[in-house]
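Here's a quick look at charged pairs and cysteines. Have the model open while you read.

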Amino acid sequence: MNKQDVLNRVKELGLLAVIRGPSEDLTVRTIEALVKGGVFGIEVTFSTPNAYSVVERVKAMFGDQIVLGMGTLTEVEQVEGAKSRGAQFIVSPMYDEELCKAMVESGLITMIGSLTPSEVFRAYQSGADVIKIFPGRLGGPNYIKDLRAPFPNIPFMPTGGVDASNAADWFKAGVIAVGAGSNLCPKDKVIKEEFEEITQIAREFVKVINEARQA
């Protein structure tokens, strides 16, 4: 898929699973459970042990069945590392001028973490494809509504504080997608290897997302 295809796929799915696994193997198995439940947008964070290896294994397992990216980028060197392992999008938790420049120049879909209106504007002007509002729980869906008043053409995606109970509110506020972590794949269930339960949570989450976007 080319860059525009990846962005279109993210919009079509409306959901990215933000994975911070406790180990390489448990992370891969968690992603298997999520895909089984219909979650096809996967973001492997750099805070996951052996994150590069996770991405390589998942890429080999699922190919174009999923949209695969890497998140929590905080260093310029991670940009090329993510790209060389097959990441299709990259995500930072914050705005940093040097990092943002490297991310944009990678040619991958770039999601830059921002919170304030100034950060949002700088990141988008720098070439970010999507502005990741993080942490989303601080302002909630109403904050997105407020941001879209001066920035109606900027694509927003909240991460942090997104769950099945408020997913519809985020889409009503105008986001293109949402990122979900512990509410989608609870850490305790991962550690206990309760992967069937994670699959069921995923199915329910996807159903809620689809219904919210159709409303």
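## Salt bridges and cysteines

The structure holds ten salt bridges. Keep in mind that this is a predicted model. As general background, side chains of opposite charge can pair when their charged atoms come close. Here are three of the pairs:

| Pair | N to O distance |
|---|---|
| R9 and E12 | 3.0 Å |
| E196 and K36 | 3.0 Å |
| K189 and E194 | 3.6 Å |

Start with the local one. R9 and E12 sit in helix 1 (residues 3-13), three residues apart, which is about one turn of the helix.

The bridge between E196 and K36 is made by their side chains, at 3.0 Å from N to O. This pair ties together distant parts of the chain: E196 belongs to helix 10 (residues 195-214) and K36 to helix 2 (residues 24-36), with the two positions 160 residues apart. E196 counts as exposed because its relative accessibility is 53%, over the 50% cut-off. K36, at 49%, counts as partly exposed.

What about K189 and E194: buried or exposed? K189 is buried, at 18% relative accessible area, while E194 is partly exposed, at 26%.

There's also a network of salt bridges to look up, and it links E24, D25 and R57.

Now for the cysteines. How many disulfides are there? The count comes to zero, with a disulfide taken as a pair of cysteine sulfur atoms within 2.5 Å. C100 is buried, at 2% relative accessibility, and C185 is buried too, with a relative accessible area of 9%. Both values fall under the 20% cut-off, so both residues count as buried.

Notes:
Residues are numbered from 1 along each chain as its sequence is written. This is a predicted model: local features need pLDDT of at least 70, side-chain atom pairs count only at pLDDT 80 or more; totals for chains, interfaces and linings use all residues. Side-chain values use heavy atoms; hydrogens and water are left out. Buried means under 20% relative accessible area, exposed over 50%, partly exposed in between (1.4 Å probe, protein chains only). A salt bridge is a side-chain nitrogen of Lys or Arg within 4 Å of a carboxyl oxygen of Asp or Glu. Helices (H or I, at least four residues) and strands (E, at least two) are DSSP runs, numbered from the N terminus.
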